[in-house]
Amino acid sequence: MRTARRLARALIIAIVLIALICWYLVWTHDHPADSPFTELDLTRPIGLFTGRKIAALGDDTPKCETLLFRAGVRYRALPAAGTGQCAYDDAVRLTKGGALTAGFRPERVDVSCPVAAGLAVWEQQIVQPAAEHLLGARVTGIDHFGSYSCRRMYGRSTGDWSEHARANAIDVAGFRLSDGRRITVARDWNGGTLKQQQFLRAVRDGACKLFATVLSPDYNAAHHDHLHLDQAMRGEFGWRACR
Ligand SMILES: [Zn+2]
């Protein structure tokens with residue numbers, strides 16, 4: 001009698017486990033970007049693990065470049081540059097056209113491949129839909145303050161090196177719209193129309209799904225005029241900053 005009960009219990013547990021596994025397989029099939037185990041595809045809708053997978057590409061530049069290529073992003077691989085703490089060997093130059101419809105200003109955007117991947121998905125899946133929805137226009141240009149800069153955080157003489165020192169960050173200053181309007185973080189984060197403020201917060205929040213670190217004017221005065229986006233490597237389950 002006792003053996004029969006044990007067997008029944010084991011059977012129920014086995015059935016529940018099998019059901020859970022089946023549910024998980026079906027669910028990840030429909031939501032591949034929400035699983036930590038599926039391969040990254042930059043054209044898929046953003047999921048729970050998209051940002052972590054993009055940041056992890058810092059370990060695998062060939063894979064990162066393959067994903068950019070497959071996603072139709074135009075880029076040119078750059079030779080290794082810099083020395084010591086400011087050396088980098090995984091930079092690419094993003095060029096307009098292909099999957100990326102907005103250009104960058106200045107036009108030259110030399111960033112680490114994971115930052116480029118984050119920017120490409122951000123532009124297509126966050127920035128353009130937010131602009132269309134909130135502002136009724138498309139973004140034709142993304143203004144930036146640059147990427148590579150050999151310095152420590154906040155330009156101090158001591159302390160941790162900035163992700164900018166490895167071209168692993170970019171500072172986005174504003175957006176140019178198809179109707180001629182311009183939106184800047186400095187002027188419009190607090191001073192713009194409600195829709196402009198909502199747009200800037202929407203693109204900041206969306207960036208948090210794609211970049212390891214996002215710092216906005218909400219963080220501190222040093223970021224009053226730009227959104228800092230970087231792909232700091234903090235391990236598969238490391239912390240992410242979104243402020
Ligand atoms: Zn920055």
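# Notebook: a walk through a predicted chain

**Entry 1, the nonpolar patch.** I started on the surface, where Ile12, Ile13, Val16, Leu17, Leu20 and Trp23 form a nonpolar patch with about 620 Å² of accessible area together. I am working with a predicted model throughout. I picked Ile12 from the patch and found it in helix α1. Is Ile12 buried or exposed? Its relative accessible area is 53%, and since the cut-off for exposed is over 50%, Ile12 counts as exposed.

**Entry 2, the charged patch.** Next I looked for charges on the surface. Arg2, Arg5, Arg6 and Arg9 make up a positive surface patch. I looked up Arg5 and placed it in helix α1, which covers residues 2-30. Ile12 of the nonpolar patch lies in helix α1 too. Arg5 has 56% relative accessibility, so I noted this residue as exposed.

**Entry 3, the whole chain.** I then stepped back for the overall numbers. I noted six helices and 10 strands in the secondary structure of the chain. The C-alpha trace spans about 80 × 45 × 35 Å along its principal axes. The chain has 243 residues, and 47% of them count as buried.

**Entry 4, the annotated domain.** I checked the UniProt record as well. The entry, which is unreviewed, gives the feature "domain: Extensin-like C-terminal" at residues 63-243. I asked what the secondary structure is over residues 63-243. The chain there is 29% helix and 25% strand. The end C-alpha atoms of this stretch lie 29 Å apart.

**Entry 5, salt bridges around Arg204.** Side chains of opposite charge can pair when their charged atoms come close. I got a count of 11 salt bridges and followed Arg204 into two of its pairings. One is with Asp205, at 2.7 Å from N to O. Arg204 itself is buried, because its relative accessible area is 9%, while Asp205 is partly exposed at 41%. The other partner I looked up is Asp218, whose closest O atom is 3.0 Å from an N atom of Arg204. What does this pair tie together? Asp218 sits in the loop between β8 (213-215) and β9 (227-230), and Arg204 belongs to helix α6 (residues 194-207), so the salt bridge links parts 14 residues apart in sequence. Asp218 has a relative accessible area of 47% and is therefore partly exposed. I also noted a network elsewhere, in which salt bridges with shared partners join Arg93, Arg108 and Asp110.

**Entry 6, one more salt bridge.** I looked at Glu163 and Arg166 next. Their side chains meet in a salt bridge with an N to O distance of 2.9 Å. How accessible is Glu163? It has 16% relative accessibility, so Glu163 counts as buried. Arg166 comes out as partly exposed, because its relative accessibility is 34%.

**Entry 7, Asp143 and a distance.** I moved on to strand β5, residues 139-144, where I found Asp143. Asp143 is at 9% relative accessibility and therefore counts as buried. I then asked how far its C-alpha atom is from that of Thr213. The two residues are 70 apart along the chain, and their C-alpha atoms are separated by 19 Å.

**Entry 8, backbone checks.** I finished with the backbone angles. Most residues other than glycine have a negative phi, and most peptide bonds are trans. Which residues does a cis peptide bond join here? I found Arg105 and Pro106 joined that way, with omega about -10°. Pro106 is in the loop between β3 (103-105) and β4 (110-112).

For phi, I looked up Tyr154 and found a positive value near 60°. Tyr154 lies in the loop between β5 and β6 (169-177). Its relative accessible area is 35%, so Tyr154 is partly exposed. Ala167 also has a positive phi near 60°, and I found Ala167 in the loop between β5 and β6. Is Ala167 buried or exposed? Ala167 counts as buried, because its relative accessibility is 0%.

Key:
Residues numbered from 1 in each chain as written. Heavy atoms only, no water. Patch = residues over 30% accessible without salt bridge, like charges linked within 9 Å, V, L, I, M, F, W, Y side chains within 5 Å. Areas by Shrake-Rupley, 256 points an atom, 1.4 Å probe, with all protein chains shown as cover. Salt bridge = Lys/Arg side-chain N within 4 Å of Asp/Glu carboxyl O. Lys, Arg positive; Asp, Glu negative; His and termini not counted. Charge placed at Lys NZ, Arg CZ, Asp CG, Glu CD. Helix = DSSP H or I, 4+ residues; strand = E, 2+ residues; numbered from the N terminus. Buried < 20%, exposed > 50% of the residue type's maximum accessible area, 1.4 Å probe, protein only. UniProt positions renumbered as here; feature names shortened; annotations may be inferred.
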